[in-house]
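Colleague: Hi! Could you walk me through this one in plain words?
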Amino acid sequence: MNYQYVLQRLLLAAVVVLGVTLVVFLIVQLIPGDPARVSLGMQTTEELVEARRERMGLNRPLLEQYGSWLVNAAHGDFGDSLITGQPVADQIVRRLPATLQLAVLAIVIGMLIAFPLGILSAMRPNSALDVFASVISQLGVAVPDFWMAILLVLLFSSGLGWLPPSGYTPIQDDFSGWLAHMILPALTAGLISASIQTRFIRSAMLEVLHQNYIKTAHAKGLSERVVISRHALRNALITIVTVVGLQVTALLSAVVVIEIVFNLPGLGRLALDAVLDRDYTLLQGSVFVMAFMVSLVNLAVDFTYFLLDPRIEFA
Amino acid sequence: MTANQSVAQLDLQLGLPPRRSLFQDVVHRFVRHRVGMIGLVITLLVVFVAIFGPVLAPAPPNYMSFTEAFAAPSLAHPFGTDDFGRDILSRIMYGARVSLMVGVISVGIAATTGTLLGMIAGYGGRIVDEVIMRIMDVLFAFPTILLALAVMAILGKGINNAMIAIGVVYLPIFARIARSSTLKVKHEEFVQVAHALGASGPHIMLHHIFPNILAPIIVETSLSLSFAILAEAALSFFGLGTPPPDPSWGRMLSDGREFFNQSVWIGIFPGLAIMFTVMGFNFLGDGLRDALDPSMARH
C-alpha cells in the first residue's frame, strides 16, 4: 500500500475537519443575540447575564474561546444546551441511531434498486426497461424529497393504512415497530438515492461495455453473466463508488428533511429545533457531528478508490 | 471578394453544406436535442407564468372566500381551493415568481462568487489555490440543507436570507468547476502570449480565461437553478423561507399539510409545479451540456 498517499489523504481530512470546527465555532459568534441571555430566558437581570457570560467563557478573547471549544469537542464535550441545560453530547448520542439507521437503510434500498436497473438498462440501451429507468431517474431528481414523503404517507398510511405516518420506536424495544416506522422514511430517501445512482451506474457500465477487453471476453465465448460480473462491473466500480460516496453526502441532506417530515428523533430534527429555538450550542454540536460524518465518508471513498485501483495517486 | 466569400463559393461548388460559426453550431446541436428543447419550452412557460401571472391568474393570490374553502377542482377553480378558500392555481402562478426569483438570485450569487474564487484559485499560485480550495472543501463537508439552516440561523428567517443561504451552499460547486477549467485553459498558448505581452493577471482572467470556461459554468447554472428551487421549497416548507401569506410552492405544501387527507389537491398541485419546473431546468441543462461540449454528451 502506498503509505504516502494514505498519509497525505489523512492530513487533508484533518485540515478539512479543523476547518469544519472553525466554521461551526464561528456560527455561534455570528448569530445575532447573546447566548448567555438566551439561556436565561426573558425574565433576567444584567448581573445574572454577566455572571452567565463569565461562566460560559464568552468574555474571553475569541481565539481562546475557540481553543477551549476545540479541546472540549475533541473530548466529546460540546457544552450544555441553552434551552434544556442538558449536555449537547448526550442529546446527539440519543439522536444519532435514528439518523444512522435511516441513512444505512436508504443506501441499501437505493443500491438494491439502482444496481440491477442501471446494469440491465446499460446492457439493453433504448429498450423499454432503459426508457423506464431514464424516466424514473429524471422523476427522482425533480421530485422534492419532502413532497415524496408526503405522497408516500398519503398512499401507505392514510390510504391503505399499512404503515404509521410518523414517529419512531427504538430498535431494541420492538423490532417490528421500528421497522414499521422506518419503512416509509427509508423508502423516500432510498428512491431518491436510487434515481441518481441508476443514471451514473448505467453511464459507467455503458462506457465499460464498449471497451475492447469486453469484446475480447465475449469473443472467448464467456457467458454474459461472467462478462458483466467479472470484467465490466469491476472496471465500472471506480465511478460507481464515487457516485455512491457523493450520494452519502446528498443523502445526509435528504435525511435531515425526511426526519423532519416523519418526525423521526434524529440529528436533522435536532438541528432544525436548535435553529427555531435559537439553541446555539445544540446547533453547533449537531452540525459538527453531521459534517464530521461527511468527512469520514469522503475519506473512506478515497481509500476505496485506492483499494480498487492501486494506480491512483494523490493529485 | 473576401476570403470568407471565396471559401463559401468553393464549398458551394464542391457541394459541401454551408459552414457554421461556433455559436451557430451550438444552436444547431441544441435544436436537435429533443430533451433540451422540451426543457427550454418548460422553462419559457414557467418564465411566462412568472411574468404574466398577475394578469393571467383567475384571482388575487391572497383573496380569501371562506364559503369556498376546500372546493374540489372545477371550472371556477381548476386546481381547487385551500383551507382559506384561496384559489390554488392563482397562488401557484404567483409562486412561480418566488421560485424563479430565488433560483436566479441565489444561483447568481453562487455562480459569480464561485467562478471568481475558482479562477483566482486556478490562475493564482499554489498557496492561493490551496487556501481557497480547502475553504471550499470545508463548505462541501456540510450537508447542503444543514449548511443552509446554519446560514439562516445567522441571518434570520425570510426570503432574502434564504437566497443568500442557498447561494453560499452552491458556491463551492462553481468554484471547483471554474478552477478545473482554468487549470486547463491557463497553459494554452493564447494565455501564455497575453502573459508575455505584459497583460495583468486580472486582465488575463477576465478577457482570456473567463470566455473560455463559460460553457461548463452555463451548464452548471442551469442545473443549479433546479437545486436552488428545491432548496427554497424545503426551507419554506420548514417555515424559514417565504413568510405567510405570500405564496411560495414550499410554503403552500407546509401550510396545507394537515388537510392533505381530506383535500388531496392542496398537496398535489404545488408539488407538481415544483417537479415540472425542476425537470424543465434539468432538461435544459442536459441539452446545453450536450450542445456546448459534445464530448460531454451522455450515452
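Modeller: Sure, here is a short tour, chain by chain and then across the contacts.

Modeller: This is a predicted model, where local features need pLDDT of at least 70, side-chain atom pairs count only at pLDDT 80 or more, and totals for chains, interfaces and linings use all residues. Residues are numbered from 1 along each chain as its sequence is written, while chains are lettered from A and ligands numbered from 1 in the order in which they are written.

Colleague: What does chain A average in pLDDT?
Modeller: Chain A averages 83, and 97% of the residues score at least 70. That score is the predictor's confidence in each residue, from 0 to 100.

Colleague: And which element of chain A has the lowest mean pLDDT, and which the highest?
Modeller: H2(A) has the lowest mean, 75, and helix H5 (residues 88–123) of chain A has the highest, 90.

Colleague: Switching to chain B, how many helices and strands are there?
Modeller: Chain B has 11 helices and zero strands. Both are DSSP runs numbered from the N terminus, with at least four residues (H or I) for a helix and at least two (E) for a strand.

Colleague: How far does the C-alpha trace of chain B span?
Modeller: About 75 × 55 × 35 Å along its principal axes. Of the 299 residues in chain B, 47% are buried, meaning that 20 or more other C-beta atoms, placed from the backbone, lie within 10 Å of the residue's own.

Colleague: How many residues do chains A and B each put into their contact?
Modeller: Chain A gives 35 residues and chain B gives 34. Two residues are in contact if their C-beta atoms, placed from the backbone, lie within 7 Å.

Colleague: Which element gives the most on the chain A side?
Modeller: H1(A), with seven residues on the side that touches chain B. By class, that side of chain A has 28 nonpolar, seven polar and no charged residues. Here Ala, Val, Leu, Ile, Met, Phe, Trp, Tyr, Cys and Pro count as nonpolar, Asp, Glu, Lys and Arg as charged, and the others, Gly among them, as polar.

Colleague: Tell me about H1(A), then. Which of its residues are buried?
Modeller: They are A:Val16, A:Val20, A:Thr21, A:Val24 and A:Val28. Their cover includes H2, helix H4 (62–74) and H12 of chain A, together with helix H5 (126–140) of chain B.

Colleague: Which domains does chain A have?
Modeller: Domain 1 (19–88) and domain 2 (96–308), with bounds from an automatic or database domain assignment. Taken over C-alpha atoms, the centres of these two domains of chain A are 36 Å apart. Their contact takes 17 residues from domain 1 and 14 residues from domain 2 of chain A. H1(A) supplies the largest share of the domain 1 side, five residues.

Colleague: Last topic: which residues touch the most other members of the largest nonpolar core?
Modeller: A:Ala271 and B:Ala148, in a core of 168 residues. Such a core is a set of buried Ala, Val, Leu, Ile, Met, Phe, Trp, Tyr and Cys residues joined through C-beta atoms within 7 Å. Helix H4 (residues 88–123) of chain B gives this core the most, 18 residues. Each of the two domains of chain A adds at least three residues.

Colleague: What is B:Ala148 in contact with?
Modeller: Leaving aside neighbours within four places in sequence, B:Ala148 is in contact with B:Ala165, B:Ile166, B:Val169, B:Ala231 and B:Leu235.

Conventions:
A residue is buried if 20 or more other C-beta atoms lie within 10 Å of its own, exposed if 12 or fewer, and partly exposed in between; C-beta atoms are placed from the backbone.
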